[in-house]
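User: Please take a close look at the loop position where the backbone does something unusual, and then work outward from there. Keep it brisk, and tie what you find to the rest of the chain.

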Amino acid sequence: MAHEETFEDIDAVFKTLNIDVLHKVRYPEKEKRILDYVVKGGNDIALVKTATRVSTGSSIFKELKRLANLVELSAVFIAEKLNNEDVVEGVIHMRERVGVIGYKTLRAIAHGEKVYVYEFKGMYYVKIDGKKLRNLRLKKGYRFSDLARAVGTSVKALQKYEEGVIDMSVEKACRFMEV
């Protein structure tokens, strides 16, 4: 399916998300560009590029990454394909410190859905609420060592999950849910 999003569609999504468009870059239609938006959400500023496809080997990807590193900002691609693979909806893909999300995911976020899963180097991870995990562990009467053994993780990793220092793999999250 060809990407049919327009700047106006994306502008509307940003507005719904209370993301301020600080600058919208306009180029002649056929000209390659490394940047479409500079946006601000809360205290975070990001550089945003929209494309049907993004390749981590492309000059546009490399230039956006270089620019983001130079000015110490986040960089995000909104795209349908990443390195010739479909962008998985509901997932943030991380490549070389650049986030890649799909158009449907962006719209879902605008409608109040949250993204808890991200993919990095082929592994999927889940953002968890460490306080909720701790409260649930205590409510169920598990000591650190008991729960760690039951789900197949170390006590140290379980402590870091509860402190919100690390995220867990989707596989590990499924084990927690089973227990």
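Analyst: **A loop residue and its surroundings**

Asn18 counts as exposed, because its relative accessibility is 64% and the cut-off for exposed is over 50%. The model is predicted, and everything below is computed from it. Asn18 sits in the loop between α1 and β1 (20–24). Its phi is near 55°, a positive value in a residue other than glycine. Most residues other than glycine have a negative phi.

Lys121 is another such case. This residue is not a glycine, yet it has a positive phi of about 55°. Lys121 lies in the loop between β10 (117–120) and β11. With a relative accessible area of 70%, Lys121 is exposed too, because exposed begins over 50%. A glycine also has a positive phi: Gly152, just after α5, at about 80°.

**From the first loop to the aromatic rings**

Step back from Asn18 into α1. Helix α1 (residues 7–16) holds Phe14. Four aromatic pairs occur in the structure. In one of them, Phe14 meets Tyr37 edge-to-face, with centres 5.1 Å apart and 90° between the planes. Tyr37 belongs to strand β2, and 23 residues separate it from Phe14, so this pair links distant parts of the chain. Are the two rings' residues buried or exposed? Phe14 and Tyr37 are both buried.

A further pair brackets the loop of Lys121. Tyr118 and Tyr125 have ring centres 5.5 Å apart and planes at 25°, so they are stacked. The cut-off for stacked is under 30 degrees. Tyr125 is partly exposed, since its relative accessible area is 22% and buried would need under 20%.

**The largest pocket**

Strand β2 leads on to the largest pocket. About 830 Å³ of space lies in it. The lining has 28 residues, and those closest to the centre are Asp44, Ala46, Ser74, Ala75 and Val76. Which elements supply at least two residues of the lining? They are β2 (37–41), β3 (44–50), α2 (59–71), β5 (74–78), β8 (91–95), β9 (98–101) and α3 (103–110). By class, the lining has 18 nonpolar residues, six charged and four polar.

**The helices further along the chain**

Past the loop of Lys121, the chain runs into more helices. Start with α5 (144–151). Its buried residues are Leu147, Ala148 and Val151. These three cover an arc of only 100° around the axis, so they fall on the same side of α5. An α-helix has 3.6 residues a turn, so residues three or four places apart point the same way. The cover over the buried residues of α5 includes α4, α6 and α7.

Helix α7 (residues 170–178) repeats the theme. Here Lys172, Ala173 and Phe176 are buried. They too cover an arc of only 100° around the axis, which puts them on the same side of α7. Met177 and Glu178 are exposed, on the face of α7 turned away from the buried side. What covers the buried residues of α7 includes α4 (130–139), α5 and α6 (155–163), together with β11 (123–126) and β12 (168–169).

Leu158 shows how these pieces meet. This residue lies in helix α6. At a relative accessible area of 0%, Leu158 counts as buried. Beyond its neighbours within four places in sequence, it contacts Leu133, Arg137, Phe144, Leu147, Ala148, Thr153 and Phe176. Leu147 and Ala148 are among the buried residues of α5, and Phe176 is one of the buried residues of α7. Leu158 and Leu133 are 25 residues apart in sequence, with their C-alpha atoms 9.4 Å apart in space.

**The whole chain**

The protein has seven helices and twelve strands. Its C-alpha atoms fill a box of roughly 60 × 35 × 30 Å along the principal axes. Of its 179 residues, 34% count as buried. Among contacts with a separation of 6 or more, 49% join residues 24 or more positions apart. The Leu158 and Leu133 contact, at 25 residues apart, is one example. Back at the start, Asn18 remains an exposed loop residue with positive phi.

Terms used:
Residues numbered from 1 in each chain as written. Predicted model: local features only at pLDDT ≥ 70, side-chain atom pairs only at ≥ 80, totals over all residues. Heavy atoms only, no water. 1 Å grid on protein atoms, 1.4 Å probe; cavity = no way out; pocket = protein on both sides within 12 Å on 5 of 7 lines; lining within 4 Å. Points joined across faces, edges and corners; volume = space filled by probe spheres on them. Helix = DSSP H or I, 4+ residues; strand = E, 2+ residues; numbered from the N terminus. Nonpolar A, V, L, I, M, F, W, Y, C, P; charged D, E, K, R; others polar. Buried < 20%, exposed > 50% of the residue type's maximum accessible area, 1.4 Å probe, protein only. Arc of directions from axis to C-beta. Contact = heavy atoms within 4.5 Å. Phe/Tyr/Trp six-rings, centres within 6.5 Å; stacked < 30°, edge-to-face > 60°.
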